[in-house]
Amino acid sequence: MNKKMIVAASALLTLCSCGEKSPASLSKYVIEKKETISHHKVEQITPTINCGALGEVSVTYETNYEGLPVFFTQDCSMNKDELIAFADTYHCSQHMIDEKHAAVGTSLFTYNDNHEKEVSFTINVNGEGYRAGYLTADVDDYYVLDQENNISFHIYACVTQPVAEVLEA
């Protein structure tokens with residue numbers, strides 16, 4: 001009889017452990033939405049171009065984000081699981097890779113998957129100054145206070161899918 005109970009208890013524990021992992025808690029953070037920023041640079045996708053030296057440049061880039069990615073400043077104290085919980089709470093993409101990576105040409109970082117998607121466009125560089133191709137998105141800027149460590153940082157939650165734009169570098 002004891003053998004049957006041990007097997008039943010073991011099976012029950014196995015079933016319980018197979019479910020979804022509960023989301024990380026954000027209870028140690030105070031999260032305050034500051035503003036929505038239009039056309040925020042989330043990643044540079046071309047080299048910087050000297051407009052005085054060139055007339056027109058065709059560009060092909062192989063980078064894009066699926067869904068609505070989350071970007072954060074270098075001082076962010078949230079771990080990946082907490083950022084996934086943030087993304088879930090604020091309706092962003094929860095599909096994240098194992099390692100954080102820098103968003104090229106910005107001071108931002110992300111765990112969101114930067115997958116390859118080939119896109120071509122032309123930069124008309126008539127004029128003066130320097131320009132570059134960027135992925136931009138409308139983002140909600142969240143000010144976050146980590147109450148346990150007394151650290152503050154920003155998280156930028158995309159509210160539109162990143163798109164390619166040519167902007168001053």
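**Exercise 1. Determine which atoms meet at the start of helix H2, and describe the surroundings of this helix.**

Solution. Step 1: At the beginning of H2, asparagine 79 places a side-chain oxygen within 3.0 Å of the backbone nitrogen of aspartate 81. This can be compared with the definition of a polar contact: a pair of N or O atoms within 3.5 Å, where, within protein, one must be able to donate a hydrogen and the other to accept it, and residues adjacent in sequence count only if both atoms are side-chain atoms.

The model is predicted, so local features need pLDDT of at least 70 and side-chain atom pairs count only at pLDDT 80 or more, while totals for chains, interfaces and linings use all residues. Residues are numbered from 1 along each chain as its sequence is written, and side-chain values use heavy atoms, with hydrogens and water left out.

Step 2: Helices (H or I, at least four residues) and strands (E, at least two) are DSSP runs, numbered from the N terminus. H2 covers residues 80-89, and its buried residues are Lys80, Glu82, Leu83, Ala85, Phe86 and Ala87. Buried means under 20% relative accessible area, exposed over 50%, and partly exposed in between (1.4 Å probe, protein chains only).

Step 3: The buried residues of H2 pack against several strands, among them E1 (29-44), E4 (70-73) and E9 (151-158). After H2 comes histidine 91, which has a positive phi near 60°.

**Exercise 2. Explain why cysteine 158 forms no disulfide with cysteine 92.**

Solution. Step 1: A disulfide is a covalent bond between the sulfur atoms of two cysteines. The criterion is a pair of cysteine sulfur atoms within 2.5 Å.

Step 2: The closest cysteine sulfur to that of cysteine 158 belongs to cysteine 92 and is 6.9 Å away, which is too far for a bond. By this rule, the count is zero disulfides.

Step 3: Cysteine 92 lies in the loop between H2 and E5. Because its relative accessibility is 9%, cysteine 92 counts as buried; cysteine 158 is also buried, at 2%. Leaving aside neighbours within four places in sequence, cysteine 92 is in contact (heavy atoms within 4.5 Å) with Leu68, Val70, Ala87, Ala157 and Cys158.

**Exercise 3. State how E9 pairs with E4 and with E8.**

Solution. Step 1: Two strands pair if DSSP finds at least two bridges between them. E4 and E9 are antiparallel, with three bridges; phenylalanine 72 has isoleucine 155 in E9 as its bridge partner.

Step 2: E8 and E9 are likewise antiparallel, with eight bridges, and aspartate 141 is matched with tyrosine 156 in E9.

Step 3: E8 and E9 form a hairpin with four residues between them, and asparagine 150 in the turn has a positive phi of about 55°.
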